[in-house]
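Please open the structure in your viewer and keep the selection tool at hand. The tour below goes from stop to stop, saying at each one what to select and what is there.

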Amino acid sequence: MAYRVRFTRDAEADLVRLYEFILERDNTDWTIAEQALQAIRDGISSLEFSPFSYRKATTGNSFLRELVIPFGAAGYVALFEIDDSNTVTVLAVRHQREDDYH
């Protein structure tokens, strides 16, 4: 059974922010920015089949989880919630070196 994966507006804004951050460092880094976005897409696509296999974000809610997405020397972390037996919602995405979700 495949889950439908959807994004909140905040999570979509996070993807834009992360992409633009790479370009702000060096506006010729289009390739790296695209590769980072693809790594995030690939990681998130795994939520379609196995969302319960990722770590719990808190001890009090087994449906709120985090997906670690490797990229380069660090990577990204996606906060998501398993809504029901059909749907997963990505709530936020951040770089691993950021303090917390925005």
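Begin by selecting Ala57, which counts as partly exposed because its relative accessibility is 29%, and that value falls between the 20% and 50% cut-offs. As you look around, keep in mind that what you have open is a predicted model. Ala57 sits in the loop between strand 2 and strand 3. If you leave out residues up to four places away in sequence, Ala57 touches Leu64, Arg65, Glu66 and Leu79. Now add Arg6 to the selection: Arg6 and Ala57 are 51 residues apart in sequence, and their C-alpha atoms are 18 Å apart in space.

Before going further, colour the chain by confidence. The average pLDDT of the chain is 92, and 95% of the residues score at least 70. Confidence is highest in strand 1 (residues 4–7), at a mean of 98, and lowest in helix 1 (residues 9–25), at 92.

Next, show the strands alone. In what order do the five strands of the open sheet lie? The order is 1-5-4-3-2, and the pairing is mixed. Strand 1 and strand 2 (55–56) are the edge strands, each of them pairing on one side only. Inside the sheet, select strand 4 and strand 5, which run antiparallel and are joined by seven bridges. If you pick out Phe80, you will find that its bridge partner in strand 5 is Val90.

Helix 2 (30–45) comes next. Helix 2 packs on the sheet, where it touches strand 1, strand 3 (64–71), strand 4 and strand 5, and its direction makes about 140° with that of strand 3.

Stay in strand 5 and select Thr87, which has its place there. Is Thr87 buried or exposed? Thr87 counts as buried, because its relative accessibility is 9%, and the cut-off for buried is under 20%. Apart from neighbours within four places in sequence, Thr87 is in contact with Tyr3, Arg4, Arg6, Glu81 and Ile82.

Turn now to helix 1, which has 17 residues and spans 25 Å from its first C-alpha to its last, close to the expected 24 Å. Helix 1 lies across strand 1, strand 4 and strand 5, and runs at about 30° to strand 5. Select its buried residues, which are Ala11, Asp14, Leu15, Leu18, Tyr19, Ile22 and Leu23. These buried residues pack against strand 1, helix 2, strand 4 and strand 5.

The next stop is the interior. In soluble globular proteins, nonpolar side chains tend to be buried together. Here the largest nonpolar core has 23 residues, and those with the most contacts inside it are Ile40, Ile44, Leu47, Leu67, Ile69, Tyr76 and Val93. Helix 1, helix 2, strand 3, strand 4 and strand 5 each supply at least two residues of this core. For a closer view, select Ile44, which, not counting residues up to four places away in sequence, touches Val5, Phe7, Leu67, Ile69, Ala78 and Val90.

Finish at Ser50, in the loop between helix 2 and strand 2. Ser50 counts as partly exposed because its relative accessibility is 29%, again between the 20% and 50% cut-offs. With Tyr19 selected as well, you can see two residues that are 31 places apart in sequence and 26 Å apart in space, C-alpha to C-alpha.

Key:
Residues numbered from 1 in each chain as written. Predicted model: local features only at pLDDT ≥ 70, side-chain atom pairs only at ≥ 80, totals over all residues. Heavy atoms only, no water. pLDDT = per-residue confidence, 0-100. Helix = DSSP H or I, 4+ residues; strand = E, 2+ residues; numbered from the N terminus. Expected span 1.5 Å × (residues − 1). Buried < 20%, exposed > 50% of the residue type's maximum accessible area, 1.4 Å probe, protein only. Contact = heavy atoms within 4.5 Å. Pairing = 2+ DSSP bridges. Axes fitted to C-alpha atoms, helices over the stretch in contact; angles between N-to-C directions. Core = buried A, V, L, I, M, F, W, Y, C linked by side-chain atoms within 4.5 Å.
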